[in-house]
Amino acid sequence: MGRGDRAFNYNNYISRYHKRHLDLMDLMAFFQPRANAPLDDVAKLCGFPGKLGFDGSEVWAAWQAGGIARIRDYCETDVANTYLVFLRFQRLRGVMDEAQYRREIDLVRATLARGGEAHWRQYLDAWPVAAPGQ
């Protein structure tokens, strides 16, 4: 956190405004608390699957019912959605060119297809091959 190094004092993980990490929702909302949009909405607007019929509000009940596998599946698909939105964000702001973006999207799709678990099959089924912007 920079206690021993002045260069890290205000450029650490806890600080919002730095380059060591980014909070995608925060950055996309230009750090305005009322300007953010739910990940599910943004993912679907980008042509990605979004949530698969389970959201964060259901986690506690699923935990109490012993639904750990369902929570894990939900968390894994949330990470995939976040990464795909991040890729689209990087493409739109010019960090990636179209060829780099396509390679990474294809890599994600191929990696998930190799997984074979039911939640990834469902995720891929919900992800059209020729989605807009992809």
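A residue is called buried here when its relative accessible area is under 20%, and with that cut-off in mind the tour moves through a predicted model, beginning in helix 6.

Select tryptophan 120 and tyrosine 123, both of which are buried. They lie in helix 6, 3 residues apart, which is about one turn of the helix, and their rings form an edge-to-face aromatic pair with 5.6 Å from centre to centre and 85 degrees between the planes. This is one of 5 aromatic pairs that a search of the whole structure finds.

Next, add phenylalanine 48 and tryptophan 127, another edge-to-face pair, at 5.8 Å centre to centre with 80 degrees between the planes. Here the pair links distant parts of the chain, since phenylalanine 48 belongs to the loop between helix 2 (39-45) and helix 3 (59-64), whereas tryptophan 127 is in the segment after helix 6 (118-125), 79 residues apart. Both of these residues are buried. With the four residues displayed together, the view holds a cluster, in which ring pairs link Phe48, Trp120, Tyr123 and Trp127.

Keep tryptophan 127 in view and select arginine 109, whose charged end sits over the tryptophan 127 ring, 3.9 Å from the ring centre.

Finally, turn to threonine 77 in helix 4 (residues 68-92). Threonine 77 counts as buried because its relative accessibility is 5%, and the cut-off is under 20%. Its side chain reaches the backbone oxygen of tyrosine 74 at 3.0 Å. Leaving aside residues up to four places away in sequence, threonine 77 touches Leu52, His119, Trp120 and Tyr123, so that the last two contacts named lead back to the helix 6 pair where the tour began.

How values were computed:
Residues numbered from 1 in each chain as written. Predicted model: local features only at pLDDT ≥ 70, side-chain atom pairs only at ≥ 80, totals over all residues. Heavy atoms only, no water. Phe/Tyr/Trp six-rings, centres within 6.5 Å; stacked < 30°, edge-to-face > 60°. Helix = DSSP H or I, 4+ residues; strand = E, 2+ residues; numbered from the N terminus. Buried < 20%, exposed > 50% of the residue type's maximum accessible area, 1.4 Å probe, protein only. Lys NZ or Arg CZ within 6 Å of the ring centre and 35° of its normal. Polar contact = N/O pair within 3.5 Å; in protein donor to acceptor, adjacent residues only side chain to side chain. Contact = heavy atoms within 4.5 Å.
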